Amino acid sequence: MGRVTERRRVVRIRNGAAGVRPDTLVAEEPLEIRLNGRPLAITMRTPGDDFALAVGFLVSEGVLGAASDVRAVTYCEGATEDGSNTYNVVNVQLAAGVPVPDITLERNVYTTSSCGLCGKASLDAVRTASRFPGVVAADPVRVPAEVLTGLPDRLRAAQKVFDRTGGLHAAGLFTAEGELLDLREDVGRHNAVDKIVGRALQAGRLPLTGAVLLVSGRASFELAQKAVMAGIPVLAAVSAPSSLAVDLALESGMTLVGFLRGPDMNVYAGEERITL
């Protein structure tokens, strides 16, 4: 299987002097997700937690809601012309009785490591597809502001691969008291979130009521969508949210925090959950 990091030759220039040395880079490889043997999506990801990524992606698509919805998750053998296994194709087999979505040419998509799924920017689609309707809005969790402001440092301290490469996004799942429950790193922040959600599904912990999801970078619509679909009531980001992410947070009852840096933050929706 592909490694999380790879070594490459680099010419390093410091103070006008050049030298050759090896450098550690984060690995990026394609992952094809198949559903009941049929191609569904391709994403560029950092290898590792591939099964969690696949099922987490299907949670955000409204296909899965519990571990019992999955019969099996396997790597596809013979994924190449010579029959070798690249460990870059994962098939999710649904359990008996779980509805299979219509997989059309229009739905079969390619997702990059930066933008997540394109063409899904529909608030109505999230509302109708959620396996946990109303759970986010009804969540009574309260989070002290001082807990939120301490989360970025806790997230950064736990990023082991980032320390070696400087090239990974992270998603961290916390309790309202600031306890780190899970952390995943990936070249794509949406992949990191899918891995978090997928691992929660595998452990039978969905919906993730009472939890806080912190993401490095910005809060896009895709990340807000994934949080809502997993039943997460609080989403925080160290950078800005998009306008559609704010719209989705307001409609779903999710608390959305941006520009979480030092003692400061902007609360774009659900401010009643933040206590001072």
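**Backbone outliers, aromatic contacts and sheet packing in the predicted model**

Asn36 is partly exposed, since its relative accessible area of 28% falls between the limits of 20% for buried and 50% for exposed residues. The model in which this residue is described is a predicted one. Asn36 lies in the loop between strand E3 (29-35) and strand E4 (38-45), and its phi is positive, at about 55°, although the residue is not a glycine. A second residue of this kind is Asp49, which is likewise not a glycine and has a positive phi near 55°. Asp49 is found in the loop between E4 and H1 and, at 31% relative accessibility, counts as partly exposed because this value lies above 20% and does not pass 50%.

Strand E6 takes part in pairing with E3 and with E5. With E3 the pairing is parallel and extends over 4 bridges, and Glu32 has Val89 in E6 as its bridge partner. With E5 the pairing is antiparallel and extends over 5 bridges, and here Tyr75 stands opposite Val90 in E6. E6 itself is mostly covered, with 5 of its 6 residues buried.

Tyr75 also belongs to a group of aromatic side chains. A pair of aromatic rings is described by the distance of the centres and the angle of the planes. The count of aromatic pairs in the model comes to 2. In the pair formed by Phe51 and Tyr75, the centres are 4.9 Å apart and the planes enclose 45°, a tilted arrangement. Phe51 lies in helix H1 (residues 50-60) and Tyr75 in strand E5 (residues 70-75), so this pair ties together parts of the chain that are 24 residues apart in sequence. Phe51 is partly exposed, with a relative accessible area of 26%. The rings of Tyr75 and Tyr87 make up an edge-to-face pair, because their planes stand at 80°, with the centres 5.0 Å apart, and an angle over 60 degrees is what defines this class. This pair also links distant parts of the chain, as Tyr75 is in strand E5 and Tyr87, 12 residues apart from it, is in the loop between E5 and strand E6 (89-94). Tyr87 is partly exposed as well, at 32% relative accessibility. Phe51, Tyr75 and Tyr87 form one aromatic cluster.

The nonpolar interior was examined next. The largest nonpolar core comprises 53 residues, and those with the most contacts inside it are Leu64, Val92 and Leu206. Leaving aside residues up to four places away in sequence, Leu206 touches Val59, Gly65, Phe132, Val197, Ala200, Leu201 and Ala230. A second core, separate from this one, has 19 residues and includes Val143, Ala145, Ala170 and Phe174. Leu206 is also notable for its backbone, in that the peptide bond from Leu206 to Pro207 is cis, with omega near -5°; Pro207 has its place in the loop between H6 and E11.

An open sheet of 6 strands has the order E10-E9-E11-E12-E13-E14 and mixed pairing. Strand E10 (180-186) and strand E14 (264-269) stand at its edges with a single partner strand each, so one side of each is left without a neighbour in the sheet. From one strand to the next, the twist averages 20°. Within this sheet, strand E9 (residues 169-175) and strand E11 (residues 211-215) run antiparallel and are joined by 5 bridges, with Leu214 of E11 as the bridge partner of Gly172.

Helices H4 and H6 lie across this sheet. Helix H4 (residues 145-157) lies across E9, E10, E11, strand E12 (234-237), strand E13 (255-261) and E14, and runs at about 140° to E9. Helix H6 (residues 189-202) lies across E9, E10 and E11, and runs at about 140° to E10. The 14 residues of H6 reach 20 Å from the first C-alpha to the last, which is close to the 20 Å expected at 1.5 Å a residue. H6 is mostly covered, as 12 of its 14 residues are buried; among them are Arg189, His190, Asp194 and Lys195, together with Val193, Ile196 and Val197. The buried residues of H6 also include Ala200 and Leu201, both of which are touched by Leu206. H6 is followed by Gly204, whose phi is positive, near 70°.

Terms used. Residues numbered from 1 in each chain as written. Heavy atoms only, no water. Core = buried A, V, L, I, M, F, W, Y, C linked by side-chain atoms within 4.5 Å. Buried < 20%, exposed > 50% of the residue type's maximum accessible area, 1.4 Å probe, protein only. Contact = heavy atoms within 4.5 Å. Pairing = 2+ DSSP bridges. Helix = DSSP H or I, 4+ residues; strand = E, 2+ residues; numbered from the N terminus. Axes fitted to C-alpha atoms, helices over the stretch in contact; angles between N-to-C directions. Expected span 1.5 Å × (residues − 1). Phe/Tyr/Trp six-rings, centres within 6.5 Å; stacked < 30°, edge-to-face > 60°.
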